[in-house]
Every structure is written in C-alpha cells, then in structure tokens.
Amino acid sequence: MASELMKNGDGEMSKDERKVYDRQIRLWGFDGQNKLRATKVLLIGMQGLGAEIAKNLILSGVNSITLKDHTEVSILDRCSQFLIPRDSEERNRAKASFSAAQKLNPNVKVIVDTTPIEENVDSFVTSFDLVIATECSPSTYKRLSENCRKSNVKIFIADVYGLFGYFYQDVISTHSLYGEVFPNNAEIDTLTSTKKKPQLYYLTSALLKFQSDSNRKPNPDTSEEDIEELKSIIHPQINDSSSDQENKESDVFEEYYGELFCELSPTTSIIGAMVSQTALNTVMNKPVDNYNVFFYDHIEHEGKFHLL
Amino acid sequence: MAATIAGVFNPELQNLIKESKILLVGAGGIGCEVLKNLVLTGFSELEVIDLDTIEVSNLNRQFLFSKESVGKAKSHVAKTSVLKFNPNVNIMSHFGDIMDTKYGVAFFNKFKLVINALDNKKARSHVNRMCLSCQIPLIESGTMGYNGQVEFIKKGVTICYECNTRAEPRTYPMCTIRNTPKEPIHCIIWAKFLFNQLFGEIDEIVSFDEENIESEKLSARNWAIQNDYNPKKLFKKVFFDDIKALMNMKDLYADKKIKPVLLDESLLDQEHVKYSDVLDSEMLTLEQNISMFLDCVTPIKEQWEISTNKCLVWDKDDDMMMNFVVSCSNLRSALFNIPFKTHFDIKSMAGNIIPAIATANAMIAGQIVIHALRILRGKFEKCQNVFLRSMPNHKGGVLVKDRCLQPPNPKCNVCSSKGEIIFTTDMNNFTVRQLEELVLKKKLNMVAPDVTMLDRVIISSDETDGVDMYDMTLSEAGMTSGCSFDAEDDHQNFRVKIIAFDKEKSRDEDPDFEIFNNKNDLHTANEQNNKTKPDEDDEDDCFIDQAESTVCDNNGDTREAVNHLMVDKEEIGYEEVTEGGAEEIGNEEEEITEKISNEEIDAEEISNEEKLAIKRKADEAIEDINDAKKSRVD
Ligand SMILES: [Zn+2]
C-alpha cells in the first residue's frame, strides 16, 4: 500500500494527479479540486448505493473515505454492489469492498470501519467533513442528523428501494432536521401540515415507517405481504392529506409497489451520483441550499429537489 | 443480477432482462457505467464495441479502468472488469469501429436494443441509420460537464438523431486569423495552422482561398526545409520578418484598429529562460514563451522526419506539440496586444477538451437502463427524452423530461422517404471526388456512397463496377443546374435525393459548396448573402471550414482524426448553451456556463452541445410554456 505521504491533501497536487483529474479540473477548477483533496468523508452502508457513492467520491479525489459497515455480504448485494468481487472470501461488506474501492484511485485514503454506527459516541462524526449515510434505521438517521447539526458537519442521508430512491441533506442550519422532515409517526405531520407535500414524500414516509415497524426494508422474498403492509400504511396518509375518493387515491402508487425491492442498479447509479455530486458541490462551496430532499421518480423518470 | 432473484421484477420483465441481447456502442465514460448497470440488473447477453484505448485522463470517471490498463482496448478491459463482480454474463467485446462494414445489418439484427454511448456525431448518425434500417430501438445519450441527456429513437415512433438540422460549426474568418487576430482563440487557431504548414498534412481540401493557402503552406514548409528547421531562424522569420512584411502591406491595416507591433529585436538573442517549473495553470512570460518555442521545434522536426509520409497530426497529448501551440499562440498574441493564456487554457481550446465527471455519466447511465426496461416492455410512451441539468430549475427539477415523445420529422432526410437535400456548388470546378469526400462522406456521414443520375452511375462503392469519374468536374460528369440525383448508402440502407444548383463563387472566400434542407433555406441564404457587403467587417471576410472529421469523447477526451485547422464544433455548443437559456437559469449555472465559454473550450464533437442547447430550451419549455415540442432547435 502507498505510504500516507503519497496520498491526497499532503502538499501540492502532483503532476500525475493533475493528469488524472484533468477533465474535472476543467469543470470545477484547481480550487475546487484542492477543496476535495482536503475532504474527509464518512460513508455508512456498503450495499449497492454505498458502492456507487464510494466510487464517485473516490474517483473525484477526496482526501479520505471511511467505508463503515458491520453487516455481511448477502446475495441481494448482487443487484447493485459492484465493488465486491464474486470470489471474495471476506464476509463483511466494507472489508469485501476495500480492494476494488482503493483501486479506483490510489491517491485517496480508503479506510474500513466495521463498528456499527449505533455503538459510536455522538461526537464520532466530528472527525469528518462530510457524512453520507445509507441503509441505517430511521432512528439512527435521526440521531446522525442531530449530531451533525450540533457539530456543523454536512450530512447526506440516502436510500434506494428497488427503482425508487431519495436523499436528504442538511447543509444549512435553518432547514429541518431529518427527524423533523421524516418524523417517526408521519401521520401526525400530515394532519398538522397545511402545506401539501409531494406524493413521493408519502411513499418515503411509508417505507420508513415500514422499516421502523419491521426492522428491515421490504424484501423480494416477502414481496406480497410487504406490499400489503405498505398499502395499509399509505392509505390513511393519503386520505388525511387530500380527502378525495379513497379508491382513486389508493391507486397513486400502484405502479410503484412492484419495483420497491432490493437496491436496484439503475437507481443506485442515479441516486448515488446525485447525492455524490450534491455533496461534492457543497464541499466546493456550491451547495444546493434552497432544498433539502431529492426524490427520483422511476415511473415518471424525473428527479426533483424539494424543501420539506 | 437483479433479474436472477425472484420477486425483484415481475416475471415478464425478469425474462425480458435475461433474454434480451443488447449492443452497447462505446465503453467510455457513459459506456462503463451503462455496462455495470446492465450487468447488475441482470442482462446477460451483451456485446460492447469501442475503438479506443485507455488514457490516463479517462481514469477520473471510467471506473472499470485503472492505471495498469492504460493503453489497452477499452472494450476488452471493461468486459474483464465487470466479470469480476458477475462472472455469469455473456459479454462479447469488440475492439473496432462500429462504422466498419463488417458490422452490417446482420450484426445489428441480433439485438433487441442498441445503446449509444458515443463521442462523435458521425458514429451517432451511422448507428441511427443502422437502427432505423433494422427497426431496432436505439437509446442515444451524451454528457458534457454536469449536463447530459438520454433520448429514445425508434423508426416511425420518435424523432431520429438526424431529424433536425444540427447547428453548423462555428467558423472564424480566415482574414482575422491571418491578419487581424483579436482574441486568444484566433492566435491558437493560427498556431495550429502554422503547425500544419510546417509538419502537418498538405491538405488539398481547404475550402477557402485555396491557391493562396496552398502556395503559402508549401512555401512555409519549403523555407523550413531549406533552413533545416533551425529554431532561431524560424523564430525570426515567423515572428519578425513575416510581421514586417504584413505591416508593409499598407492597405491591410489602413483602416483597421488592429495592427501588429514589432517585438524587440534583442529578443532574438536572448539567453535561455527556464520555464519547466511553471505550473500549467500559471502564465508564462514572453521570454519563457520564446524559449519554449525554440526548445520544441527540433524534437517535433525529429518526429516529423520519421513519420509516415512526413506528416504529423497535431496531438494535444504530445508535450512538444502542445508546447509549440502554447508558445506560438502566445507569441502571436504578443504581436497583436492580446492577453496571454496559460498552458492549461490553451490546451482546452486547442485540444477541444470537454470537461467530464463520473457523476453525470452515472446519472445518465442509470436513466438509460430505466429507459431500456420500459422499451423492452414496449412502453414507448414512457420513454420521453430526459435531460440532466447542472442545477435545479425553479421547480427543483434536475432530471427533467420532455412532456411527450417527439414525433418524427416528415421531411427528415434520413428517416423519411420524402427528404431531399439542396446542394449548391460551382459545377465547373467541383469534382466528383469532392462530391464523395466532402459532401457525401463528411457532410452526410455516408460510409460507402453510390450516386446515380437518371440511371447513370456516377459514383460506385463497388470497385468492380469500374466506374471512375472522380477527376471529372460535376459538369463534365453530366450535371446541370437544377438536376437531381440519388445518393445512396447500401450499408446504412440510407438514400436521399439531392437537387444540385450551379453557383459560382462571388468571392474567393465563399465556401466551395453549401447544403440546404429545403429550397426556402436556400432562398433565405441567398437573400442574406446579397444584403451583406463584403469587407465591411472582416468577420464576413472569409470563413474557414472546420474540422468535421475530428472526434471527441462524449465525456472528455479528444482525438483528432484529420487535422484541419480549426476550431471545432464544441465551441458552438457552448455558445448555443449560453444563448439557449442561461438567463433563465440560476446564478450557479450561469457562472459555470460563463466559465466554460471564457475558456472557449472547443471540441470536435457537436451533438452533445446541440443536445444540451436543446435541453436548456426544453427546460424552459417545461417550466414556462409547457410545450416540449417547441423545445427543439432547428
Ligand atoms: Zn429523422
């Protein structure tokens, strides 16, 4: 392995680095590239979406990236995890991803961390400039969001459900915390809120509630029960926010239900890139700071930011 | 491979994914991402083709490649890399050119869907024609910097890649380049021109002031040969003697604000000044530029001597050739009081480099596969064109789409049988060879054209036919003003009726030929021509034709096939983008656009930029007039 001295952030950009980063320096300038070279990232969750984010950030030339995952490689990873070689004998996702991740760009320090984030102290996030979390429980997201706000660390929270995906960002302190945008009991919020929210917000809230209740994401093995469960979560919400005919409203997500399982590659690619680029732009002082949530709608194939 | 896991997709789609054979054309920035996404989704019958090899500057985004794979074929390495995370997929990789006739109809017919992840207009047009001809759905894509687009093309259902006229390349007046440069870009073009005069191709198809240029080019080279490419003598001739000669042509600068100033003669004998420790992002001094010039002439000359046919093709990645253009263009700037540019900026402009990042490619590649899933199920109405914006529009949209499918243009030369092309030239001078090379191959992107007029064969792609009228002028070949003939490419299954008009040049600088899509365009052009008085502004003087045969990676790398002088088309794209709607777009984006156009990056590749211009317009359309149909640039 290359010595620390050869890695990013230590002194001037070398000629070799400039050659590798040439096409992006021509987009965001030497200044931007130097900011990236000084950025330390914590990436939680190394399933398909995590792999995409790791790839994008490592290619961009950040200073270091800590790949944090305590879970084991699963067959479902094959839907989108391209950093784990099929013949890998490592069971841990982060460990199994390390060598392909490091190979993407030897200038970046790639660090593996297999401790569950839940076991880390609140101040853990302060060692990073940027935290990107995927595949955590809604309560962990809530806690991370609060901790990052306290210590002024930029945080991005992203998940992909089948072909649907979203991310939340906290880059400006006047915006809502994750737990405020997606409260544990989303029904309360829809009752009190006078502002109608985008449709995909309700889908996301339902998926998060499903996760809180079942301690897992919807799964292809139990797809039928899981869809029923989701529908039962969504129906009251839709009714609360717009009291039109129940049947008509309940069909809103009909097309979506069938494609909500696993982290599927086309969408991990889109969400992973969108969250990565937004995070990189934030580091380069060009944050998208008038919005805090992004939804990718795979049925309408539209990707939109919202302020929630 | 999502499709191998039950319950992830519905069974119908699951089977379609497993069984559909897909062709991916291009294994570059978008190609790598698409290949990964296809394989992970569970597509298991794939072929990928690319004619490029891996370069260091690919590595910031083409993640299937690493330092160790530099120099190897992209298609093969991409295949090897994806097999590591999924060995159970059938990928055939081709290291070759999709335009090669061996990839004919039989080859294309194997596929359910073709995905273009290409970097140049010519190949895009070709695949467009092949897919129209074979009735195979095509997904067309491109990125530039933060922007990108995905387009679905199907014969009879949507607009094709060539339904709309694409903007003509930006041209620079030759007189400006030679006599009155105003901006750094003019000097950079001149420097590339000088390179060609000294070391490049003696090009018989320069479309302006032909004789003059030819003799000049020859004489410059002859002079250099006679003086054995002595760097100091060359420096004195080009930057002192020639300028004095120019200044002596009194009327040349009589009414012009722009006049050259002579450099101090003492510079001729200056000591060598060190420049190697200057970063490429820093400005060189006049003295450093001189030393750089003197240092690079001999190494280039040595390369030139051992080159095939004694002809070098300027290459931005060759340090000496790059230094030649940097120093010459800055020295030229010094003569005309134009600010210097850094090595970094000159490389962008001279090398036509498009900025490129991994994330934009990944977003576009993700959308390509989402489109592919819809297309395989026949849900064409769901496959509107999607555009990636660099910043959210006022509704927060970043990935935005056309409101509906764009229907085919009934007058399209390519996908409609009713298309015809108006072609004007001086029939007593334009040869059949020029018709084939410049019009049919270069302009109309044919590969192996046949031309027949009233059942008489004028050009045949089959040598055994024994037709050889190449050296005849069009008149000698029997063409008259207003005549029509059929041009056909069997390989592409593309035929078009061409109506030819005889038109003598009114000025030397006029183009050798012009192409119009209908008679109205011809009339408009004629009227405009009549209104413009020559020599009023040297912008109107004489236009340089641009390098159309140059190629550039849809996400950043450039390669020049034929090196005419010139500025390449990328530039236009940027300009169009700026015009297209920067005013309506957020500050951030304006900043970026401006930055790009300041750098005047230009490249050979046109379609991305046009598309991006279309995209901007589409965004506005969606936001403001809710009518994406009006969004097309024609
Ligand atoms: Zn067409």
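Start by selecting A:Lys209 and A:Asp213: they form a salt bridge, and their closest N and O atoms are 3.5 Å apart. Keep in mind as you click around that this is a predicted model. Now colour helix H7 of chain A, residues 199-214, and you'll find both partners in it, four residues apart, or about one turn of the helix. Is A:Asp213 buried, partly exposed or exposed? With a relative accessibility of 47%, A:Asp213 counts as partly exposed, because the exposed class needs over 50%.

**Across to the other chain**

Next, pick A:Glu300 and B:Lys382. This is another salt bridge, with 3.6 Å between the closest N and O atoms. The pair crosses between chains: A:Glu300 sits in the loop between S7 and S8 of chain A, while B:Lys382 sits in the loop between helix H14 (358-376) and strand S7 (386-388) of chain B. The two ends fall into separate accessibility classes: A:Glu300 is partly exposed at 28% relative accessible area, and B:Lys382, at 19%, counts as buried.

Stay at the border and select A:Arg18 with B:Asp280. Here the closest N and O atoms of the salt bridge are 2.1 Å apart. How many salt bridges are there between chain A and chain B? The count is six. Over all chains, the structure holds 41.

**The whole interface**

Now show everything where the chains touch. You should get 62 residues of chain A in contact with 77 residues of chain B. Together the chains bury about 5700 Å², with 57% of that on carbon and sulfur atoms. Which three residues of chain A supply more of its buried area than any other three? Select A:Arg23, A:Arg26 and A:His301, which supply 17% of the area that chain A buries against chain B.

Polar contacts are worth switching on too: 26 residue pairs make them across this interface, counting pairs with both residues at pLDDT 80 or more. On the chain A side, colour helix H1 (15-37), helix H2 (48-60), helix H3 (93-104), helix H11 (265-283), strand S7 (293-297) and strand S8 (302-306), the elements that each give two or more residues to the side touching chain B. H1(A) gives the most, with 13 residues. Colour that side by class and you'll see 30 nonpolar, 15 polar and 17 charged residues.

Zoom in on S8(A). Two bridges join it to strand S8 of chain B, residues 397-401, and the two strands run antiparallel. For a landmark, find A:Lys304, which stands opposite B:Gly397.

**Inside chain B**

Hide chain A for a moment and select helix H13 of chain B, residues 343-351. Nine of its nine residues are buried, so this helix is largely enclosed by the rest of the structure. Among them are B:His343, B:Asp345 and B:Lys347, along with B:Phe344 and B:Met349. Just after the helix comes B:Asn352, with a positive phi near 55°.

Move on to strands S10 (449-453) and S11 (456-459) of chain B, which run antiparallel and are joined by three bridges. Which residue in S11(B) is the bridge partner of B:Thr452? Look for B:Val457. The two strands make a hairpin with two residues between them, and B:Leu454 in the turn has a positive phi of about 50°.

For a last stop, select B:Lys316 and B:Asp317, whose salt bridge has its closest N and O atoms 3.1 Å apart. B:Asp317 is partly exposed at 35% relative accessible area, whereas B:Lys316, at 3%, counts as buried.

How values were computed:
Residues numbered from 1 in each chain as written. Chains lettered and ligands numbered in written order. Predicted model: local features only at pLDDT ≥ 70, side-chain atom pairs only at ≥ 80, totals over all residues. Heavy atoms only, no water. Contact = heavy atoms within 4.5 Å. Buried area = accessible area lost by both parts, 1.4 Å probe. Salt bridge = Lys/Arg side-chain N within 4 Å of Asp/Glu carboxyl O. Polar contact = N/O pair within 3.5 Å; in protein donor to acceptor, adjacent residues only side chain to side chain. Nonpolar A, V, L, I, M, F, W, Y, C, P; charged D, E, K, R; others polar. Pairing = 2+ DSSP bridges. Buried < 20%, exposed > 50% of the residue type's maximum accessible area, 1.4 Å probe, protein only.
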